[in-house]
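Trainee: I've got a new structure open and I'm not sure where to start. Could we go through it together, one question at a time?

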Amino acid sequence: MKSLSLSVISASILAAAASVSAPIAFADTELKHDSEYVIDGKVYGLPEAKVYREDYSGPAVVGDYLTQVPNLAKLDYEGNKTHNVRMDVFSQKVEVAPGVSYSAWTFGGSVPGPVLHVREGDRVIFKMKNRSDEEVTITKPVKNGSPFLQQVQANTYQNNQPVVNPMPHSMDFHSGTVAAEDKWRTISPGETIEFEWIANYAGTYMYHCGTSSVLMHTAMGQYGAVVVSPKDGYPTDADKEYVLVQSEHYLEEVGDGEFIYNHDAALNRQPSHVTFNGHVGALSDSPLRADEGDRVRLHVLNAGPSGTSSFHVIGAIFDRVWYEGDPRNEWYGMQTVLLGASNSATIDFIVPEEGIYKLVDHEFADAELGAAGALIAGPRKDK
Amino acid sequence: MVKWLGVAGLMFSTLTASPLVLSDPVRINGGEFEPPVLLDKERLSIEINSFMLDATPVTNQLFLDFVKSHPKWQRDNIAALFHDGNYLKHWPQNNAYPDGQADHPVTYVSWFAAREYCAAKGGRLPSLNEWEYASVQYRQQQNISDDDYARNLFAWYSQPKSDEQRVNVNATELSHMYDRVNEWVEDYQLLLTNGDDVDLLSGSCGDGARFLSSFTKANYATFFRYQSRSDYAPQSSTSTMGFRCAYDISSDTIASNGDQL
Amino acid sequence: MNNLLKPAAYVALVLSSALLVLAPTLAQDHSQHKSGHENHANHKNHTSMDAAKISHSSSVYQVDAHWITHKGEHMTLADLQGQPVIVSMIYGSCTTACPVLVNDAKRLYSSLSDEAKKQVKLVMVSFDNSRDTPKALADYVKQYNLNSDSWVFLHGEDQDIRTLATVLGVRYRKRPDGDFDHSNLITVLDKNGVIEHRVEGLGQPMDKAAKVVDTLIQQ
């Protein structure tokens with residue numbers, strides 16, 4: 001995707017080139033179910049969710065476009081696609097700071113959960129089994145798992161270990177437009193839910209568990225990001241693209257490095273830790289990488305559950321900001337972006353010089369509690 | 001107030017070193033109860049009749065005795081309608097619990113199985129209000145402050161596995177209301193209503209305050225227990241769900257309660 | 001303990017029709033239950049007979065409760081085997097949702113094929129053990145002019161009402177004023193009593209449910 005005018009040209013060239021084979025449907029409004037209809041090119045009226053029991057003990061995360069934060073899968077296809085995505089829900093011991101681990105409730109075994117990347121107009125057939133009453137290991141190689149699992153195995157910075165903690169759970173994709181009481185319904189341990197949604201709007205969206213108490217379920221770790229890339233791309237062309245999810249953790253020590261959720265602290269908004277990508281050291285132990293002169297694009301999601309983020313990169317100015325990741329919400333020359341709980345922004349900045357660029361929540365109480373990371377820029381490469 | 005298993009029971013309980021002594025249910029004296037969670041728009045004071053409640057959750061040993069005398073409820077025989085496939089999953093055999101776990105609360109029991117057990121003992125599952133009413137008495141007996149209650153409850157839910165799962169089968173007062181298992185109650189499936197309609201939000205989007213008689217930590221914790229249990233299927237058989245039975249009080253209750261073996 | 005006293009009559013009833021099957025079960029029971037209130041256990045054990053009869057492990061008819069119809073006849077749900085059944089739960093003194101729910105069932109019935117109309121049973125189970133006596137249900141049937149052989153209104157014990165509601169996925173709660181809050185649900189059962197289709201809410205379209213029943217009839 002080049003600039004806006006270029007992308008129109010390139011799209012028409014591609015369309016011309018492809019006219020001998022299958023047509024490229026950038027606004028694929030192909031309907032699959034009788035119930036579906038289209039308004040302004042967006043698909044609504046998806047079929048009812050299915051809830052059932054299945055004998056499944058395979059990989060907990062399945063799908064080619066699911067990655068571990070801060071990675072974003074490359075969309076290596078033209079036009080639209082139907083994604084078959086599985087993201088099981090289960091408990092996992094995760095580390096959020098050195099010596100601080102707790103039994104998290106997770107999607108896919110990490111906090112935040114896997115990043116899903118799709119294109120505006122794509123269809124997602126989503127499947128999730130509530131495996132909270134069984135041990136699920138994500139750190140051992142499996143067949144047919146998503147890139148997410150390989151990336152966790154390569155960089156197990158949360159030291160993920162299986163634990164059992166049965167609870168009812170649900171999945172609420174902010175990127176979907178559906179009847180929530182149907183698709184986002186709660187399932188018991190052992191049950192599987194399956195439903196579809198269409199990525200009608202471009203942007204970076206939160207997903208989370210919507211089961212009561214939502215505060216507890218999200219604070220326990222059940223959230224992540226879906227990046228819906230605009231069908232015509234953004235007006236600029238990024239050299240590097242990363243995903244960053246900020247969240248608060250409300251933990252208290254109950255003995256010997258064992259931490260548990262503190263509901264009182266969560267209600268009072270007194271986090272013990274605030275992290276980027278689920279660990280105070282996630283982006284300092286493994287900093288983001290770029291080179292001098294690069295245009296870096298960050299998809300930043302503030303998952304909350306209750307706090308705000310004043311996201312800032314020390315030494316850079318945001319060249320462009322697309323609030324919520326929608327290319328129509330374009331801002332220029334911003335020093336800081338304020339994100340409420342579940343807000344996101346897609347941010348471009350130019351790396352001015354070789355060096356270290358600190359990423360912070362400029363609400364410094366949050367930065368002190370862990371909301372800080374780094375981007376390390378190497379020397380300028382010839383373009 | 002001690003009852004002994006019959007001869008058959010002794011024969012079954014070969015895994016225990018000494019004859020198994022079971023404590024009697026304890027009497028919960030009735031009275032006025034103002035539920036901490038408002039299921040109706042108006043605040044209501046409810047009259048709770050006196051009833052008996054098992055002092056502890058039902059143990060593996062007791063449940064084994066039950067399934068031996070009720071083959072329909074053995075793991076190999078239970079109808080699919082009544083469980084989710086994990087019924088008594090942790091038992092090594094159809095008619096045996098894991099070694100050394102005689103006094104552990106039985107888990108992996110569906111709501112249907114729990115009710116059937118209690119019925120076979122001449123009892124029933126406690127109602128939600130009865131259980132919570134007993135819970136308030138328990139907190140008073142044990143001197144558990146509201147803050148500690150809330151804190152411990154959320155702590156248990158965030159990490160329910162403790163190393164110590166045994167219950168005191170000789171308990172003479174209510175025990176282990178919060179620290180062993182989450183317990184089935186008869187009307188566990190919450191129905192939050194708004195006049196004739198089922199409540200639109202059902203407290204599922206963090207709107208708990210509408211349902212609390214006062215927004216205290218303890219009430220919030222109780223609401224959480226209500227809500228999260230309400231989301232289980234009645235077939236759910238999990239590692240943390242157990243139960244205890246309640247018994248109506250009639251003239252001959254104590255003499256006859258549930259000694260089936 | 002009210003519910004514990006009920007089964008004796010029923011055991012007698014079952015015995016008359018199924019003595020041979022039941023007798024060994026009873027004998028076995030007596031060997032294991034030595035005293036006191038063992039009689040309630042018997043009503044559980046008559047189900048070992050039903051279990052053999054009910055071919056489907058996930059059939060609603062696994063609920064082995066004993067019901068009384070608005071005509072005063074005793075029955076179990078397993079007696080409904082053999083034809084599709086439309087089942088819903090209501091209570092007689094309900095003036096708001098329940099008449100709509102009954103009317104919904106009526107609408108479903110009237111959109112069925114003639115063949116289906118002949119065979120299908122409409123079973124309305126009351127939440128209200130204390131007020132909806134068989135006699136009261138008979139009055140209800142009269143009042144709403146549902147007096148055909150297709151309609152069956154059932155009176156049951158509280159525990160059994162709770163079991164059936166839970167199996168069907170109906171949530172309800174008795175309010176202190178004696179009325180009930182309940183979810184509105186119409187369920188279609190196949191010939192074996194397995195749930196085939198559910199219509200949630202009041203005044204819903206019935207085309208799909210009717211199609212389901214018609215298909216079941218042809219099977």
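**Working through the model**

Mentor: Sure, let's begin with a sheet: five strands of chain A form an open one in the order β20-β28-β27-β22-β25, with mixed pairing. Keep in mind that this is a predicted model.

Trainee: Which strands stand at the edges of that sheet?

Mentor: Look for strands with a single partner, since one side of each is then left without a neighbour in the sheet. In chain A that applies to residues 288-291 and 336-339, which are β20 and β25.

Trainee: And what does the twist average from one strand to the next?

Mentor: Here you go from each strand to the next in the sheet and take the average. For this sheet the twist comes to 20 degrees.

Trainee: Which residue of β25(A) stands opposite His312(A)?

Mentor: Start with the strands: β22 of chain A covers residues 309-313, and it pairs with β25(A) in the antiparallel sense over four bridges. Across from His312(A), in β25(A), you find Thr336(A).

Trainee: There's a hairpin in chain A too, made of β23(A) and β24(A); which residue there takes a positive phi?

Mentor: Strands β23 (residues 318-323) and β24 (residues 330-334) of chain A run antiparallel, joined by four bridges. One facing pair is Trp322(A) and Glu330(A), the latter in β24(A). Six residues lie between the strands, and the positive phi, near 65 degrees, belongs to Glu324(A).

Trainee: Is Lys183(A) buried or exposed?

Mentor: Lys183(A) sits in helix α3 of chain A, residues 180-183. Leaving out residues up to four places away in sequence, it touches a set of others, among them Leu46(A), Met171(A) and Phe195(A). The cut-off for buried is under 20% relative accessible area. Lys183(A) has 4% relative accessibility, so it counts as buried.

Trainee: How far apart in space are Lys183(A) and Arg328(A)?

Mentor: In sequence they're 145 residues apart. In space, going from C-alpha to C-alpha, the distance is 28 Å.

Trainee: Over to chain B: which residue follows α4(B)?

Mentor: Helix α4 of chain B runs over residues 128-142, and its 15 residues reach 21 Å from first C-alpha to last, close to the 21 Å expected. Its buried residues include Trp131(B), Tyr138(B) and Arg139(B). Right after the helix comes a residue with a positive phi near 60 degrees, Asn143(B).

Trainee: How many residues of α6(B) are buried?

Mentor: Helix α6 of chain B, residues 217-230, has 14 residues and reaches 20 Å, close to the 20 Å expected. The helix is largely enclosed by the rest of the structure, because the buried count is 13 of the 14.

Trainee: Where in chain C is confidence lowest?

Mentor: Chain C averages a pLDDT of 79, and 75% of the residues score at least 70. Over residues 1-52 of chain C, though, pLDDT stays under 50. Where pLDDT is low, the predicted coordinates should not be read in detail. Strand β1 of chain C, residues 67-69, scores highest at 98, while the lowest mean, 34, belongs to residues 7-32, helix α2 of chain C.

Trainee: What share of chain C counts as buried?

Mentor: The secondary structure of chain C comes to nine helices and nine strands. Taking the 219 residues of the chain, the buried share is 57%.

Trainee: Last one: what ipTM does the predictor give the complex?

Mentor: The predictor reports two scores for the complex. The pTM is 0.84, and the ipTM is 0.84.

Note on methods: Residues are numbered from 1 along each chain as its sequence is written. Chains are lettered from A and ligands numbered from 1 in the order in which they are written. This is a predicted model: local features need pLDDT of at least 70, side-chain atom pairs count only at pLDDT 80 or more; totals for chains, interfaces and linings use all residues. Side-chain values use heavy atoms; hydrogens and water are left out. Two strands pair if DSSP finds at least two bridges between them. Helices (H or I, at least four residues) and strands (E, at least two) are DSSP runs, numbered from the N terminus. Axes are lines fitted to C-alpha atoms, for helices over the stretch in contact, and angles run from 0 to 180 degrees between N-to-C directions. The expected span of a helix is 1.5 Å times one less than its number of residues. Buried means under 20% relative accessible area, exposed over 50%, partly exposed in between (1.4 Å probe, protein chains only). pLDDT is the predictor's confidence in each residue, from 0 to 100. Contact means heavy atoms within 4.5 Å.
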